[in-house]
Structures are given as structure tokens and as C-alpha cells.
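Trainee: I've got a new model open and I'd like to work through it with you. Can we take it step by step?

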Amino acid sequence: MNEVLKKIQEIGIVPVVVLNDAKDAAPLAKALCDGGLSCAEVTFRTDAAEESIRIMTEQFPQMLVGAGTVLTTEQVDRAVAAGAKFIVSPGLNPGIVKYCVEKGILITPGCSNPSDIEIALENGLEVVKFFPAEPAGGLNMIKAMAAPYVGVKFMPTGGINPTNVRDYLAYDRILACGGSWMVKGSLIDAGEFDKIEALTREAVEIVKESRGKR
């Protein structure tokens, strides 16, 4: 498995971050690292995403930072230039997947049905994002799709929270879960990074409990 994917698997939960102002990137990164999750998927939903990725990767080199909600090859280039180590997309765009594969850039595209998975396999991918996880059928849907595609691992995102994440992580075909509950926009905008650190610590404990590492 790709080294970045191995690291994501070890971390277990990838915080999915939306930043409206790049000034929040450094204190957020510090809160995540201090809380034990040295990882973030910074979504390209805002104008601050690119600069936020750059700040995080430069000031916190121990962090594994990726770019999410990537919809164009131009965004791929901007994200990677800013320091992103992986690309995440909400759906499976064959053009973007092929572009990343040809350039040796790790991408986990959003898949919610068998046809998506087969396109991912055709492009040599071994891990896909399952999105939107809960609305698309949750863990039962993942287990149903995992049966015929024995070599595929999943990274469910969308509706993942402290009450259901344990069930996902306990299933051996889940690489990691994407979650935003510990990095809510309201907490970031209010500058409540101490609360983010506390929620991050709780998330780390959930991973340990779910995977029998206690």
C-alpha cells in the first residue's frame, strides 16, 4: 500500500476542514497535532484553502495534509503546489483520476456504487472514499460492496460522528473515516481551538478503542 495511505490508516480519522480565513490555519493545525491527529483534509470550498494548505505544511511539517472537494485538474495542481500529499474528490471524475494517476498523485475519489468502484479499479486505485456515507447506505452498503471487490478499502465520509464512527472503524475494510465534528466551522470561527483540541483527543481515543489498541 502507498505510504501515505498507510499513514492515514494508522491515524484512523481524517479531520475534514473548511477554512474561511487562512489566519486560522496555523492555530487549527496546532490544535489537531496537540490533540493527536496530525492530519487534515482541507476542502477547496473556500478561497482560503490553498493558502491554508501551504501554511499547515510549512509550519507543521509533521502533518499529513490533503486537499478535499477537488473538482478540476487545475485545483489538483494548486493543491499539490501548496503542499497537499493527497487529493480527495466528492465523486469519481475519470479525467481527474487519470490525471492524478499519471502524475503519481494519490487520489481517493468519492464512490457510492459498484460502477464507481470498477472505474477506480481500472485506474489502479485500492482505496476509495465512500460518500455521502450515511445517506448512501452507511456501513451496510459498504459491506455489501466490499464482498465482490475483495481488494478495495473504503474511507467513508459524510454523516460520520462520535456515535457511529466506532462501528465503521471496527470493520477491517475501512481504511479510515473522514469526519468534521471535531473541526466544526463554528468552533474555528470563534477561535475555540482549545475545544477543537479536546474533541480531537476524544477522537483519538475512539480510534484506539475501535481498533483494540488500548
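Mentor: Sure, and let's begin with a term: a disulfide is a pair of cysteine sulfur atoms within 2.5 Å. Keep in mind that this is a predicted model.

Trainee: Okay, how many disulfides does a search of the whole structure find?

Mentor: Take two cysteines and check them against that cut-off of 2.5 Å. For C39, the closest cysteine sulfur is in C33, 9.6 Å away, so that is too far for a bond. For C111, the closest one is in C100, at 13 Å, which is also too far for a bond. Over the whole structure, the number of disulfides found is zero.

Trainee: Is C39 buried or exposed?

Mentor: Buried means under 20% relative accessible area. C39 has a relative accessible area of 0%, so C39 is buried.

Trainee: Which residue stands opposite C111 in strand 6?

Mentor: C111 has a relative accessible area of 1%, so C111 is buried. Strand 5 covers residues 107–111, and five of its five residues are buried. Two bridges join strand 5 to strand 6, and the two run parallel. In strand 6, the residue opposite C111 is F130.

Trainee: What about the other neighbour: which residue in strand 5 does I87 stand opposite?

Mentor: Strand 4 (residues 87–89) is joined to strand 5 by three bridges, and these strands run parallel. The chain gets from strand 4 to strand 5 through helix 5 (residues 94–103), in a right-handed β-α-β crossover. Opposite I87 in strand 5 you'll find I107.

Trainee: And which helix makes a β-α-β unit with strand 5 and strand 6?

Mentor: Strand 6 takes in residues 127–130. The unit is right-handed, and the helix in it, residues 114–122, is helix 6.

Trainee: Is S89 buried or exposed?

Mentor: S89 is found in strand 4. Leaving out residues up to four places away in sequence, S89 touches V70, I107, T108, P109, G110 and K129. Its relative accessible area is 5%, so S89 counts as buried.

Trainee: Now the core. Which helix gives the most to the largest nonpolar core?

Mentor: That core has 82 residues, and those touching the most other members are I8, I13, L28, M56, F86, I87 and F154. Seven residues of the core come from one helix, residues 25–35, and that is helix 2.

Trainee: Which residues is I8 in contact with, leaving aside its neighbours within four places in sequence?

Mentor: I8 is one of the core residues that touch the most other members. Away from those sequence neighbours, its contacts are V14, L64, F86, M155, L175 and A176.

Trainee: Which residue has its backbone oxygen 2.4 Å from a polar atom of the T46 side chain?

Mentor: T46 sits in the loop between strand 2 and helix 3. It has 16% relative accessibility, so T46 counts as buried. Beyond its neighbours within four places in sequence, T46 is in contact with V18, L19 and N20. The backbone oxygen at 2.4 Å belongs to L19.

Trainee: Last one, on backbone angles: what is the phi of T69?

Mentor: Most residues other than glycine have a negative phi. T69 lies in the loop between strand 3 and helix 4. T69 is not a glycine, yet its phi is positive, about 50°.

Key:
Residues are numbered from 1 along each chain as its sequence is written. This is a predicted model: local features need pLDDT of at least 70, side-chain atom pairs count only at pLDDT 80 or more; totals for chains, interfaces and linings use all residues. Side-chain values use heavy atoms; hydrogens and water are left out. A nonpolar core is a set of buried Ala, Val, Leu, Ile, Met, Phe, Trp, Tyr and Cys residues joined through side-chain atoms within 4.5 Å. Buried means under 20% relative accessible area, exposed over 50%, partly exposed in between (1.4 Å probe, protein chains only). Helices (H or I, at least four residues) and strands (E, at least two) are DSSP runs, numbered from the N terminus. Contact means heavy atoms within 4.5 Å. Two strands pair if DSSP finds at least two bridges between them. A crossover is right-handed if, with the strands pointing away from the viewer, the path from the first strand over the helix to the second runs clockwise. A polar contact is a pair of N or O atoms within 3.5 Å; within protein, one must be able to donate a hydrogen and the other to accept it, and residues adjacent in sequence count only if both atoms are side-chain atoms.
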